[in-house]
Amino acid sequence: MAGVAPPAHAVSPSEPAAPAAGRRPHYTANRAPLRPEPFLRLPPGSVTPKGWLRTQLDLQLDGLNGRMPEVSDYLDPKTSGWSVPANDGWEELPYWLRGFGDLGYVTQDARVLELTRAWIDRILATRQSDGFFGPARLRTSLNGGPDFWPHMPVLDALRTWHEFSGDDRVVPTLSGWLKYLHTQPGTLFGQGWGAARVGDTIDTAYWLYNRTGEDWLLDLVRTMHTHSADYTHSIPTWHNVNLAQGFREPAQYGVLAGDDSFLAATRRVHDTVMNAYGQFPGGGFAADENARPGYHDPRQGFETCGIVEFMHSHQLLTRMTGDTVWADRCEDLALNLLPAALDPLQKGTHYVTAANSIQLDNVAKKHGQFNNSFAMQAYMPGIHQYRCCPHNYGMGWPYYAEEMWLASLDGGLCASLYGESSVRAKVGDGTTVTVAERTEYPFGDTVTFQVATPRPVSFRFYLRVPGWCERPSVRLGGRPVDVRRSGGHLVVDRRWHDGDQIVLHLPMRTTVRTWGANEDSVSVDHGPLAYSLRIEEKWQRSGGSDAWPEYEVRPGSPWNVALDLDPRDPARSLVVERTRARAANPFTQDGTPVRLRARGRRLPGWTADDQNVLAPLQQSPARTTQPVEQLTLIPAAAARLRITSFPVADASAKAREWAAVTASFSGVDSPQALLMNAAAEPSGSYDQSVPRFTWWDRTGTEEWVQYAYAEPVHVGAVSVYWYDDTGHGACRVPASWRLEYRAPDGSWQSAGADADHGTAVDRFNRLSFPAVTTTALRITAQLETGFSGGLLAWRTEP
């Protein structure tokens with residue numbers, strides 16, 4: 001199937017939108033005029049995770065999030081503004097506490113619960129008479145007014161603490177804070193990070209309204225929506241975390257507005273972003289800070305903050321809409337991307353994780369390969385290097401555990417995200433039941449549920465059918481059972497007895513997806529898991545301490561391979577194998593219980609640049625006559641070095657010969673931009689929407705850029721689009737240039753010496769010549785005196 005992200009409305013919302021006669025929710029639901037939500041959050045502590053998920057949480061307990069006070073100076077209660085208001089404080093402690101508290105609720109770890117209580121006590125003690133709390137400097141830190149963004153994660157932390165503990169100080173504190181916001185001018189909500197993330201505060205306002213019924217809270221929501229970043233009619237930001245949080249705001253406002261167009265706006269923003277920048281497996285999108293035109297290749301990373309925030313948004317939308325596609329998307333991120341953002345012991349994280357990445361080093365990339373020029377790929381605590389991500393990643397697994405099970409509005413129960421666990425919840429007439437879930441999912445396709453109840457009770461049991469599963473089945477006591485299809489759920493509606501056992505079968509199949517927007521590259525899935533090439537990982541300690549080491553990871557085996565697939569049935573080329581691994585952590589190369597065998601060929605034309613960043617994908621099928629090799633693919637989440645979007649191999653002459661690009665000099669711009677622009681049509685020589693290659697800051701010199709091929713190519717013309725930033729910078733078209741090709745004896749020979757070597761701006765300059773067969777082409781340019789130069793695109797023709 002094509003690799004276009006499915007639209008959010010791919011399935012109908014699950015019923016019921018309102019309780020059926022005689023059925024009612026047992027947990028806090030939306031008050032009128034808020035629209036009812038089909039599914040409700042269970043109180044923290046209701047779900048007990050087990051199996052591999054419990055292992056991830058145990059690693060977190062002893063890892064960076066669980067031990068953050070040992071390494072982060074932002075969490076010192078003597079200096080933090082969240083305990084001493086006269087001191088500074090911003091997002092770091094709120095980020096950490098949000099995930100840390102929920103880690104305690106799902107693991108029941110006494111140390112974590114005690115420290116959570118201590119920080120809640122400190123924060124609540126900072127409350128002022130006007131409702132403000134926390135660092136006093138935040139009152140005036142944003143253009144002379146309050147910066148309310150850092151409070152958003154604190155609001156989440158306070159809410160879940162209240163739900164877990166019943167602490168009666170929380171509701172007055174939240175009410176006081178929101179009243180403080182209500183007194184501010186509406187323009188406040190259009191400033192700073194908070195403007196793009198206001199949906200977080202809307203969620204808190206609804207939470208409080210459902211408990212107090214105070215109408216002014218709804219007026220505050222209307223004010224925030226009116227003045228904040230407008231996702232309803234536009235995409236106001238391309239910052240990855242802003243998008244991961246902010247795209248859901250219209251849908252959240254629609255809960256109050258009662259207008260379906262707002263949910264449609266959220267779908268539009270999501271689909272627009274993913275169709276432009278999310279064209280590779282794993283559920284993220286290309287935004288190694290900001291999503292940028294031209295930079296949509298799977299080598300571009302997705303920030304760790306973006307991963308967990310996107311997961312959280314999908315969880316909210318799952319409950320809000322009942323549409324299982326959002327749970328599918330959350331699962332995609334959790335099972336294919338999140339583990340690779342952390343080292344296997346969770347002692348460190350990195351800033352960005354990419355679908356294709358072949359070296360994780362602590363070296364800044366200076367050629368514009370990524371949006372940030374600072375080093376952001378090595379694993380480390382990164383308290384000051386990455387800052388936000390180490391503090392924020394902690395909500396990923398605890399929130400996932402809590403959202404595995406949901407209450408339904410009709411008094412039932414929903415298994416939303418599958419994994420070994422148990423849940424204790426009120427259902428039906430208010431009877432408290434326990435449901436134990438046994439499964440190897442996502443590494444196995446059977447999920448078994450056993451009900452424990454003190455007396456027979458009638459309720460609806462909702463079972464999510466993942467979008468990839470075509471033929472799910474349900475058996476009760478070993479026999480087929482009647483089920484009703486409700487949107488993306490199977491619903492078993494019956495009177496349940498102690499010991500009843502339901503077996504859900506989700507047959508997994510191997511599929512190959514083609515990503516047309518990324519040069520017809522392909523990815524491999526088996527069930528919910530995407531698969532990556534197994535690359536030998538050479539871990540090297542690069543710094544840190546024995547307790548908190550920092551690591552770089554380099555490849556110890558070839559990575560530049562193309563898959564050799566049966567063109568009639570690509571999946572037939574892949575064989576599923578079960579391993580003997582019994583490790584509790586399946587997100588490691590040696591611990592994964594399943595892998596795939598594949599065939600492939602080396603692709604010599606796919607190279608890395610001089611800073612060990614792999615070249616962007618070129619068009620598939622890729623020509624290679626290298627011998628067929630047996631390849632091992634492992635779940636992408638178990639691969640820290642990763643090739644997950646593959647070229648397709650073809651030995652025939654009709655396939656595309658890939659070029660390796662080098663240059664005499666590359667400073668701030670990479671010559672690989674010429675590969676990224678293979679099909680670009682620049683709007684002019686100063687087009688800033690496409691990547692560029694320049695020789696900056698060389699001026700007045702003779703410079704070259706070269707295409708090299710693993711096997712000879714036939715070329716009879718080239719077209720060159722020069723970069724020129726007259727009026728803006730110091731790049732101009734060259735004074736002159738020449739085209740050369742590599743002869744069989746290795747010498748460079750002139751091509752088209754007598755033809756016009758055009759230097760016109762704002763168009764392609766085409767040079768034709770008697771066709772040559774060669775393994776390399778080179779453009780040599782004489783730069784204007786005092787100026788540099790460069791290219792936006794360079795095409796070759798037979």
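Me: What makes Lys 347 and Asp 62 a salt bridge?

Reply: Good place to start! A salt bridge is a side-chain nitrogen of Lys or Arg within 4 Å of a carboxyl oxygen of Asp or Glu. For Lys 347 and Asp 62, the closest N and O atoms are 3.9 Å apart, so the pair fits that definition. Please keep in mind that this is a predicted model, where local features need pLDDT of at least 70, side-chain atom pairs count only at pLDDT 80 or more, and totals for chains, interfaces and linings use all residues. Residues are numbered from 1 along each chain as its sequence is written, and side-chain values use heavy atoms, leaving out hydrogens and water.

Me: Why is Lys 347 called buried?

Reply: Buried means under 20% relative accessible area, exposed over 50%, and partly exposed in between (1.4 Å probe, protein chains only). Lys 347 has 17% relative accessibility, so it counts as buried. Its partner Asp 62, at 42%, counts as partly exposed.

Me: How do you know whether Asp 88 is buried or exposed?

Reply: Asp 88 has a relative accessible area of 51%, so it is exposed. Asp 88 also forms a salt bridge with Arg 137, with the closest N and O atoms 2.6 Å apart. Because Asp 88 lies in the loop between α1 and α2 and Arg 137 in the loop between α3 (110-124) and α4 (151-165), the pair ties together parts that are 49 residues apart in sequence. Helices (H or I, at least four residues) and strands (E, at least two) are DSSP runs, numbered from the N terminus.

Me: What makes Thr 588 buried?

Reply: Its relative accessible area is 19%, so Thr 588 counts as buried. Thr 588 sits in the loop between β23 (575-578) and β24 (594-602). Leaving aside neighbours within four places in sequence, Thr 588 is in contact (heavy atoms within 4.5 Å) with Pro 344, Ala 638 and Arg 640.

Me: Why does the largest nonpolar core lie between domain 1 and domain 2?

Reply: A nonpolar core is a set of buried Ala, Val, Leu, Ile, Met, Phe, Trp, Tyr and Cys residues joined through side-chain atoms within 4.5 Å. The largest one has 217 residues, and Tyr 400 and Trp 405 are among those with the most contacts inside it. Domain 1 (79-227) and domain 2 (659-797) both give residues to this core, so it lies between them. Those domain bounds come from an automatic or database domain assignment.
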